[in-house]
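User: I would like to go through the assignments in this model and see what each one rests on. Please set the values against the criteria where that is needed.

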Amino acid sequence: MTSLLKISDLTAAYGTLTVLHSVALEMQAGEIIALLGANGAGKTSTLRAICGMIDRKGTIDFKGKPTSHLRTEAIARLGVSHVPDGRGTFSSLTVEENLQMGAMTRRSRREILEDINTWFERFPRLKERRRQQAGTLSGGEQQMLAIARAMMLRPDLLLLDEPSFGLAPQVTEQIFRTLADLRNSQGTSMLIVEQNANLALEIADHAYVIETGSIVMGGPAATVMADDAVRASYLGY
Amino acid sequence: MEFFFSQVLSGIASGTIYACLALAVVMIYQAIHHLNFAQGELAVFSTYLAWQMLEAGLPYWIVLLLVVLLSFGLGWFLQMVVMRPFQNAPMLSNIVVFIALFTIFNSLTGFIWGHDIKTFPSPFGFGPLVENLGISRHQAAMMAISAIILTILWAFFRFTRIGLAMRGAVSNPVSSGLVGVNVMAITALGWGMASAIGAVSGLLVAPVVFLEPNMMLSILIYAFAGAVVGGLTSPGGAVLGGFIVGIVESLVSTYVPVIGAELKLPIALTLIIVVLLFQPAGLFGRRDIQRV
């Protein structure tokens, strides 16, 4: 069986500054992978490299197809959706238009409308504010919107960059419940970058630890969670 | 009172001219979120192309169609070839390129066609639309065509997916790429549409002011003023803004003794400053609110 995502020997740089050194990572369809690491370790850069947002070299195969030469929009069209660092809200568009933007790659207007309604049911706050400029939403609402927008693409792989960033604990919990539910109900595969390692490991099947641009450890979430060094560095006990 | 009325009418007449080009200004602003200083010169270049074709004996409506298509292609080409390397450059670099384009097209037009004033025909004629109203048939046609373009733009941005993609690409280019929008192509489409609208406005303006390479120079400033007054995000506001600028210009230069014909241009600039100070989004523009 081909892996959903197979990365090997991935190197990436911002200009002359190399931020990823020979990263290797693999995930199967239906899995949730957590990518852990300190600030500046290369978590966000890994997600950006997968989406072609930065210069990269190496092999990135998505559903068996090489994608490391493709541009961002072409990778999105293959079914990779990205909830970026900072949430990527279209702040001058309305909430509803944000969701329509998410479905730009799809054809059927009827299905798009159905999906928008499903997301409004899941997040009633967004429905109340559907005609409001998205830039006026609170941080938590924007994170909900970002996830809903990314899911409007009906992705095979969802990349999430720090979904808990800047959110109140209850909101963070709601977001992670939604993610777990999405995987269970729709089988969406996810690669989650998260500072809050406890939360991420709770819903992840596998985890990788990245340090200064290289993967230093990888394995089943339970194994990674039990590792003494990981506990000391990222879990805080 | 009759004198006042006739001044308002003359303001509406010049307002129509400003409104036409203001539509092109709003179009490019919606596509790239900058004001393109070369907009007027591109329109003049298109108008000269049309003049050349008319001289060659082609019928007016064929010429209009050809020039609109050619201008669209020219706008597309400028984005794909000239602006492309500057996509991640700071705003100031973009502005320098706009000024370069302004100079290049202004000189190119003068070099190819010379600086003599040329007459440009109107297919509508200059007879009065209705007796004693003071509006010519050409003016009425300008208003009607502006209204048509306005409606098309409104529907484009409001109802089509490409229109939504264009608004999204301006609002957040990075996120647009992530949802599968080809931002470069969308921006090129915006340049093409703006150039095509500019060409139409050039063809409409030329019969009124005579064709010469600097035809759009001051008109562009009034059009900027109109777009700013009405709101750069609102095509309808820009048209109304164009009329407001025309009327204010006409009334102020008539009734304020110090300001004669010579000091007309500062009126537009004053309007821009006043609006930006008190109502930065314009009268009808959307105010962008962002929580950080």
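**Assignments and their grounds**

Analyst: A:S68 is found in the loop between β5 (65–66) and α2 of chain A. The model is a predicted one.

User: What makes the link between the side chain of A:S68 and the backbone oxygen of A:G58 a polar contact?

Analyst: The side chain of A:S68 reaches that oxygen of A:G58 at 3.1 Å. A polar contact requires a pair of N or O atoms within 3.5 Å, and the value of 3.1 Å is within that limit, so the pair qualifies.

User: Which residues does A:S68 touch, leaving out those up to four places away in sequence?

Analyst: A:S68 touches A:R56, A:G58 and A:I60.

User: Why is the pair A:D156 and A:K63 called a salt bridge?

Analyst: The closest N and O atoms of A:D156 and A:K63 are 2.6 Å apart. The cut-off is 4 Å between a side-chain nitrogen of Lys or Arg and a carboxyl oxygen of Asp or Glu, so this Asp and Lys pair meets it. Over all chains, a search of the whole structure finds 16 salt bridges.

User: What does the pair of A:D156 and A:K63 tie together?

Analyst: A:D156 lies in the loop between α6 and β7 of chain A, and A:K63 in the loop between β4 (55–62) and β5 of chain A, so the salt bridge ties together parts that are 93 residues apart in sequence. A:K63 also has a positive phi of about 50 degrees, although it is not a glycine.

User: Which residue in strand β1 of chain A has a positive phi although it is not a glycine?

Analyst: That is A:D9, with a phi of about 55 degrees. The place of A:D9 is in strand β1 of chain A.

User: How do you know that β1 and β2 of chain A are paired?

Analyst: Seven bridges join strand β1 (residues 5–14) to strand β2 (residues 17–27) of chain A. Pairing needs at least two bridges, so these strands count as paired. The two run antiparallel, and A:K6 stands opposite A:E26 in β2(A). Their hairpin has two residues between the strands, and A:G15 takes a positive phi near 60 degrees there.

User: What makes β4(A) and β5(A) a pair?

Analyst: Two bridges join β4(A) to β5(A), and the requirement is at least two, so the pair meets it. These strands run antiparallel. In β5(A), the bridge partner of A:F62 is A:K65.

User: Why are β2 and β5 of chain A edge strands?

Analyst: The open sheet has four strands in the order β2-β1-β4-β5 (chain A), with antiparallel pairing. β2 and β5 each have a single partner strand, so one side of each is left without a neighbour in the sheet. Helix α1(A) packs on this sheet, touching β1, β2 and β4 of chain A, and its direction makes about 110 degrees with that of β1(A).

User: What is the strand order in the sheet that holds β3, and which strands stand at its edges?

Analyst: Six strands form that open sheet, in the order β6-β7-β8-β3-β9-β10 (chain A), and the pairing is mixed. At the edges stand β6 (80–83) and β10 (214–220) of chain A; each has a single partner strand, so one side of each lacks a neighbour in the sheet. From one strand to the next, the twist averages 15 degrees.

User: How do you know that β3 and β8 of chain A pair?

Analyst: Four bridges join β3 (residues 32–36) to β8 (residues 189–193) of chain A, against a requirement of at least two, so they pair. The two strands run parallel. The bridge partner of A:I33 in β8(A) is A:L191. Helix α7 (residues 169–186) packs on the sheet, touching β3, β7 and β8 of chain A. The direction of α7 makes about 155 degrees with that of β8(A).

User: Why is the pair B:R167 and A:E97 called a salt bridge?

Analyst: The closest N and O atoms of B:R167 and A:E97 are 2.8 Å apart, within the 4 Å cut-off for an Arg and a Glu, so the pair counts. The count between chain A and chain B is one salt bridge. The count of residue pairs in polar contact between these chains is nine.

User: How many residues does each chain give to the contact, and what area is buried?

Analyst: Chain A gives 35 residues and chain B gives 24 residues. The buried area between them is about 2,400 Å², with 53% from carbon and sulfur atoms.

Conventions:
Residues are numbered from 1 along each chain as its sequence is written. Chains are lettered from A and ligands numbered from 1 in the order in which they are written. This is a predicted model: local features need pLDDT of at least 70, side-chain atom pairs count only at pLDDT 80 or more; totals for chains, interfaces and linings use all residues. Side-chain values use heavy atoms; hydrogens and water are left out. Axes are lines fitted to C-alpha atoms, for helices over the stretch in contact, and angles run from 0 to 180 degrees between N-to-C directions. Contact means heavy atoms within 4.5 Å. Buried area is the accessible area (1.4 Å probe) that two parts lose on being put together, summed over both. A polar contact is a pair of N or O atoms within 3.5 Å; within protein, one must be able to donate a hydrogen and the other to accept it, and residues adjacent in sequence count only if both atoms are side-chain atoms.
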